[in-house]
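Biologist: Please take a close look at one part of this model, the place where two helices meet, and tell me what is found there and around it.

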Amino acid sequence: MKNNESILRVMEIIEQFLKGDYDPLSFSYDFPEKAFENYDKMSQENPKIAEYLDQTMPYICDEYEPGMDPADMKGKVRTVYQKVMEML
């Protein structure tokens, strides 16, 4: 069984955001950067998850603008989170 340490580390950031413990604007910048930094490791752990996160999250994060209601972004991020957890 592969170690999913890098994926779980990235998922913790999503959990913080979904709990309301991560400012939406900061999350929209930080998450893509953190995922990019860990992409190679995540790809070794589970290529399908790494690709899925790479194909979805940057676009979701890019849509958020300062002052917007984060509810739409949270809904989309929650969907991604649930799918990744099912893939683990």
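Modeller: F17 and F27 are both buried. Keep in mind that the model is predicted. The two residues belong to different elements, with F17 in helix α1 and F27 in helix α2, and 10 residues separate them in the chain. Among the 3 aromatic pairs that the structure holds is the one formed by F17 and F27. A pair of aromatic rings is described by the distance of the centres and the angle of the planes. For F17 and F27 the centres are 4.3 Å apart and the planes differ by 10°. An angle under 30 degrees counts as stacked, so this pair is classed as stacked. F17 and F27 also take part in an aromatic cluster, together with Y22 and F31.

Now the two helices themselves. Helix α1 covers residues 5–19, and helix α2 covers residues 24–37. They pack with their axes 10 Å apart, at an angle of about 170°. Because an angle over 145 degrees counts as roughly antiparallel, α1 and α2 are described as roughly antiparallel to each other. On the α1 side, the contact is made by V10, I13, I14 and F17. On the α2 side, P24, F27, F31, K34 and A35 take part. Sorted by type, the residues of this contact are 8 nonpolar and 1 charged, with no polar residue.

Each helix also has a serine that can be followed to other parts of the chain. S6 lies in helix α1. Its relative accessibility is 3%, and buried means under 20%, so S6 counts as buried. Apart from neighbours within four places in sequence, S6 is in contact with N38, K41, M42 and E45.

S28 lies in helix α2. With a relative accessible area of 8%, S28 is buried as well, because that value is under 20%. The side chain of S28 reaches the backbone oxygen of L25 at 2.7 Å. If neighbours within four places in sequence are left aside, S28 is in contact with C61 and Y64. What is the distance in space between S28 and E63, C-alpha to C-alpha? It is 8.5 Å, although S28 and E63 are 35 residues apart in sequence.

Key. Residues numbered from 1 in each chain as written. Predicted model: local features only at pLDDT ≥ 70, side-chain atom pairs only at ≥ 80, totals over all residues. Heavy atoms only, no water. Helix = DSSP H or I, 4+ residues; strand = E, 2+ residues; numbered from the N terminus. Buried < 20%, exposed > 50% of the residue type's maximum accessible area, 1.4 Å probe, protein only. Contact = heavy atoms within 4.5 Å. Polar contact = N/O pair within 3.5 Å; in protein donor to acceptor, adjacent residues only side chain to side chain. Axes fitted to C-alpha atoms, helices over the stretch in contact; angles between N-to-C directions. Parallel < 35°, antiparallel > 145°, perpendicular 65-115°, else oblique. Nonpolar A, V, L, I, M, F, W, Y, C, P; charged D, E, K, R; others polar. Phe/Tyr/Trp six-rings, centres within 6.5 Å; stacked < 30°, edge-to-face > 60°.
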